[in-house]
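User: Hello! I am new to this structure and would like a friendly walk through it. Could you show it to me and then take my questions one at a time?

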Amino acid sequence: MSTRIAFLKGHGTENDFVIIPDPENSIDLPPATVAALCDRRAGIGGDGLLHVVRSAAHPEAAAMAAEAEWFMDYRNGDGSIAEMCGNGVRVFARYLQRAGHVVEGDIAVATRGGVKAVHIAKEGDITVGMGKALLPEGDVTVSVGERSWPARNVDMGNPHAVAFVEDLGHAGNLYTPPPFSPASAYPDGVNVEFVIDRGVRHVALRVHERGAGETRSCGTGACAVAVAAARRDGADPALTGTPTTYTVDVPGGRLLITERTDGEIEMTGPAVIVAEGEIDAEWFETVTP
């Protein structure tokens with residue numbers, strides 16, 4: 001290992017990430033190491049980590065290498081592995097552009113949730129094809145303190161429970177996962193979104209991200225909220241033949257979510273690289289089991 005390890009820091013609507021470029025998948029990143037890197041006091045700090053690997057070099061992505069050269073090996077802030085991260089994909093794409101691996105226009109990014117189509121605009125935002133939402137059957141309830149709400153179960157490649165509330169303050173501090181029932185609905189935990197209306201096809205949310213706590217933004221969560229809001233409002237593009245677009249305000253900014261008539265969902269928002277540097281190898285080895 002070299003004496004120092006390169007890293008960058010980026011965010012998408014203030015959902016922030018440590019970025020570790022590692023094209024050949026040569027850096028070992030066990031959960032404890034990822035958690036240490038994401039620690040906001042003793043590490044670099046981030047809601048999660050983007051491990052940048054060529055698809056052909058990673059066993060989980062090799063089968064996607066023909067479609068997407070790069071694999072987003074995404075980890076939650078506690079070191080656990082996640083299927084997808086919508087804000088993370090935008091930041092991942094911005095890094096690839098900054099590093100000269102891609103140029104503006106259309107690219108493909110491999111994730112554990114499948115290959116995602118990404119469009120890097122000449123100026124400004126990045127759009128990610130987030131796939132189709134699945135709406136599993138069954139009633140779900142989420143709770144905070146003495147309050148409980150029915151929640152819409154939405155699968156965006158990762159699980160979400162979307163609850164419409166009267167006041168975002170009712171979500172509490174979101175430091176710990178809000179209880180949900182039945183337990184069988186989410187055997188591996190769930191991302192929970194609390195949502196209020198702000199206008200016609202305009203909502204705002206707070207979110208507890210599984211493995212990270214409350215975050216300033218959640219891309220897949222914004223998509224899940226837009227779909228849940230559309231169904232609540234009686235809109236289903238597959239039936240009406242008309243795409244629906246919702247403005248979704250998150251604590252860290254604003255995202256535009258469009259559900260097309262074929263069910264595919266597109267998310268548009270900013271992605272910013274704010275810093276780059278090197279990790280001291282001696283420290284890195286002390287936090288790596």
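**A guided tour in questions and answers**

Analyst: Happy to help, and please keep in mind that this is a predicted model. We can start with D249, whose place is in strand 15 (residues 244-250).

User: Is D249 buried or exposed?

Analyst: The cut-off for a buried residue is under 20% relative accessible area. D249 has a relative accessible area of 8%, so D249 is buried.

User: Which residue does the side chain of D249 meet in a polar contact?

Analyst: Leaving aside neighbours within four places in sequence, D249 is in contact with R198, H202, V203, A204, L205 and R254. A polar contact of 2.7 Å joins the side chain of D249 to the side chain of one of these, R254.

User: Where is strand 4 in relation to the rest of the structure, and how many of its residues are buried?

Analyst: Strand 4 is covered on both faces: W70, M72, Y74 and N76 are buried on one side, and F71, D73 and R75 on the other. Strand 4 is largely enclosed by the rest of the structure, because the number of its residues that are buried is seven of the seven.

User: Which strand pairs with strand 4 in the parallel sense?

Analyst: Strand 3 pairs with strand 4 in the antiparallel sense, over seven bridges, and there V53 stands opposite F71. On the parallel side of the question, W70 has V109 as its bridge partner. That pairing has two bridges, and the partner of strand 4 is strand 5 (residues 105-111).

User: Which residues of helix 1 are buried?

Analyst: The buried residues of helix 1 pack against strand 2 (15-21), strand 3 (48-54), strand 4 (70-76), strand 18 (272-280) and helix 5 (281-286). Within helix 1 (residues 31-38), the buried residues are T33, V34, A36, L37 and C38.

User: Which residues have the most contacts inside the largest nonpolar core?

Analyst: In soluble globular proteins, nonpolar side chains tend to be buried together. Here the largest nonpolar core has 52 residues, and those with the most contacts inside it are M72, V118, V248 and I257.

User: Which helix gives the most to this core?

Analyst: The contribution in question is nine residues, and it comes from helix 3 (residues 219-232). Apart from this core lies another, of 17 residues, with V140, A161, A163 and L168 among them. For the largest core, then, the helix that gives the most is helix 3.

User: Which residue's side chain is joined to that of T220 by a polar contact?

Analyst: T220 is found in helix 3 and counts as buried, because its relative accessibility is 1%. Beyond its neighbours in sequence within four places, T220 is in contact with M84, G86, M130, M156, N158 and H160. The polar contact between side chains is 3.1 Å, and the partner of T220 is H160.

User: What is the volume of the largest cavity?

Analyst: The structure holds two cavities of 30 Å³ or more. The largest cavity is lined by Y74, N76, A82, M84, C85, N158, N191, E209, R210, C218 and T220. Its volume is about 80 Å³.

User: Which peptide bond is cis, with omega near 0°?

Analyst: Most residues other than glycine have a negative phi, and most peptide bonds are trans. P182 is found in the loop between strand 11 (180-181) and strand 12 (191-199). The cis bond leads into this residue, running from S181 to P182.

User: What is the phi of T13?

Analyst: T13 is found in the loop between strand 1 (4-12) and strand 2. T13 counts as buried, because its relative accessibility is 2%. Although T13 is not a glycine, its phi is positive, at about 45°.

User: And what is the phi of N25?

Analyst: N25 lies in the loop between strand 2 and helix 1. At 24% relative accessibility, N25 counts as partly exposed. N25 also has a positive phi in a residue other than glycine, with a value near 60°.

User: Which residue's side chain makes a polar contact with the side chain of T268?

Analyst: T268 is found in strand 17 (residues 264-269) and is partly exposed, with a relative accessible area of 23%. Not counting residues up to four places away in sequence, T268 touches D125, I126, T127, L255 and L256. The polar contact between side chains is 2.7 Å, and the partner of T268 is T127.

Technical notes:
Residues are numbered from 1 along each chain as its sequence is written. This is a predicted model: local features need pLDDT of at least 70, side-chain atom pairs count only at pLDDT 80 or more; totals for chains, interfaces and linings use all residues. Side-chain values use heavy atoms; hydrogens and water are left out. Buried means under 20% relative accessible area, exposed over 50%, partly exposed in between (1.4 Å probe, protein chains only). Helices (H or I, at least four residues) and strands (E, at least two) are DSSP runs, numbered from the N terminus. Contact means heavy atoms within 4.5 Å. A nonpolar core is a set of buried Ala, Val, Leu, Ile, Met, Phe, Trp, Tyr and Cys residues joined through side-chain atoms within 4.5 Å. A polar contact is a pair of N or O atoms within 3.5 Å; within protein, one must be able to donate a hydrogen and the other to accept it, and residues adjacent in sequence count only if both atoms are side-chain atoms. Two strands pair if DSSP finds at least two bridges between them. On a 1 Å grid over the protein atoms alone, a cavity is a set of points where a 1.4 Å probe fits but cannot get out, and a pocket is an open set with protein on both sides within 12 Å along at least five of seven lines; lining residues have an atom within 4 Å of a point. Grid points are joined across faces, edges and corners, and a volume is the space filled by probe spheres set on the points.
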